[in-house]
Amino acid sequence: MNKSKGMFISLEGSEGVGKTTSLKFVQNYIESLGHKVLLTREPGGTPMAEELRNILLSEREEKVEADTELLLMFAARCQHVNQVIKPALEQGTSVICDRFVDASYAYQGGGRGLDFSRIQQLEEWCLDGFKPDLTLLLDMSVEEGIARTKKRGKADRFETEKMAFYEKIRAAYLLRAEQNPQRMAVIDAAPDISQVQTSLKSVLEQTYNQ
Ligand SMILES: Nc1ncnc2c1ncn2[C@@H]1O[C@H](COP(=O)(O)OP(=O)(O)OP(=O)(O)O)[C@@H](O)[C@H]1O
Ligand SMILES: [Mg+2]
């Protein structure tokens, strides 16, 4: 680890797995080591990228092409990386990002079915080898994840339809972790918050003691 530069950590995982909850724990851990921390998120993280986020997340009548979604994600990411993330890291601030490039592989690749090679081309073009130092992938079964967000026990019929989509997202995330074992740590997100934090702490300790 380069001590003069900040660490870039991304948190990944599908809806409701506990990314935002974990982000604060990771922030406290890094601050306790005496480092400055910047919290940010994708899509978004700059005023323009947040506008793109609103465009991406808003409900609309017209069908959104998977390629359009992918390009907008990378347009926002390009702005975010160059305007916010890289300058902070250069100043020695650590950056913790709620979702990053792996989310494009999981959602636009796994979920929407775009070829990973297409995403990789954009990654090379926009990021040119820039990646997180550490990615924490929070993983749990899709059914439990949906139940957690809905705060109830069983998925209804509509949620069952959505489950196939989330299964693809989960599988793509796990494939990314398998392909990037040095950078990505899979955290079991199913146990209670304190157990998840114990897992996070052990990965962070390994990373910071390297
Ligand atoms: N380990 C856990 N056990 C039980 N509940 C949890 C756990 N982690 C988070 N939660 C709760 O689950 C809900 C979703 O958590 P959180 O908002 O952190 O997920 P997220 O991954 O950021 O979701 P989103 O993708 O929607 O942003 C919250 O109500 C949170 O308090
Ligand atoms: Mg969140």
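Here is a short tour of this predicted model, going from the sheet to the core and then to the ligand.

**Stop 1: the sheet.** Start by showing the strands. You'll find an open sheet of 5 strands in the order 2-3-1-4-5, with parallel pairing. The edges are strand 2 and strand 5 (184–188), each of which pairs on one side only. Look along the sheet to see the twist: neighbouring strands are turned by 20° against each other on average, ignoring direction.

**Stop 2: strand 3.** Now select residues 94–98, which make up strand 3. How many of its 5 residues are buried? The count is 4, so colour this strand as mostly covered. On one side, strand 3 pairs with strand 1 (residues 8–12) in the parallel sense over 4 bridges; pick F8 and you'll see that its bridge partner in strand 3 is V95. Strand 2 (residues 37–41) also pairs with strand 3 in the parallel sense, over 5 bridges. Two of the partners to click on there are L39 with I96 and R41 with D98.

**Stop 3: the helices on the sheet.** Bring in helix 1 (19–32). Helix 1 packs on the sheet and touches strand 1, strand 2, strand 3 and strand 4 (134–139), and its direction makes about 170° with that of strand 3. Next, add helix 8 (193–208). Helix 8 lies across strand 4 and strand 5, running at about 160° to strand 5.

**Stop 4: the core.** Stay with I96 for a moment. Which residues have the most contacts inside the largest nonpolar core? They are I96, L136 and I187, in a core of 39 residues. Helix 4 (residues 101–111) gives the most to this core, with 5 residues. In soluble globular proteins, nonpolar side chains tend to be buried together. Leaving aside residues up to four places away in sequence, I96 touches I9, L11, L23, V26, Q27, V37 and L39. There's also a second, separate core of 5 residues, and A49, F74, A76 and L122 are among them.

**Stop 5: ligand 1.** Finally, select ligand 1 and its surroundings: G13, E15, G16, V17, G18, K19, T20, T21, R148, D192, I193 and V196. Both helices from stop 3 turn up again, since helix 1 and helix 8 are the elements that give two or more residues to this shell. Which element gives the most? That's helix 1, with 3 residues. Colour the shell by class and you get 3 nonpolar, 5 polar and 4 charged residues.

Methods
Residues are numbered from 1 along each chain as its sequence is written. Chains are lettered from A and ligands numbered from 1 in the order in which they are written. This is a predicted model: local features need pLDDT of at least 70, side-chain atom pairs count only at pLDDT 80 or more; totals for chains, interfaces and linings use all residues. A residue is near a molecule or strand if its C-beta atom, placed from the backbone, lies within 6 Å of it. Ala, Val, Leu, Ile, Met, Phe, Trp, Tyr, Cys and Pro count as nonpolar, Asp, Glu, Lys and Arg as charged, and the others, Gly among them, as polar. A residue is buried if 20 or more other C-beta atoms lie within 10 Å of its own, exposed if 12 or fewer, and partly exposed in between; C-beta atoms are placed from the backbone. Two strands pair if DSSP finds at least two bridges between them. A nonpolar core is a set of buried Ala, Val, Leu, Ile, Met, Phe, Trp, Tyr and Cys residues joined through C-beta atoms within 7 Å. Two residues are in contact if their C-beta atoms, placed from the backbone, lie within 7 Å. Axes are lines fitted to C-alpha atoms, for helices over the stretch in contact, and angles run from 0 to 180 degrees between N-to-C directions.
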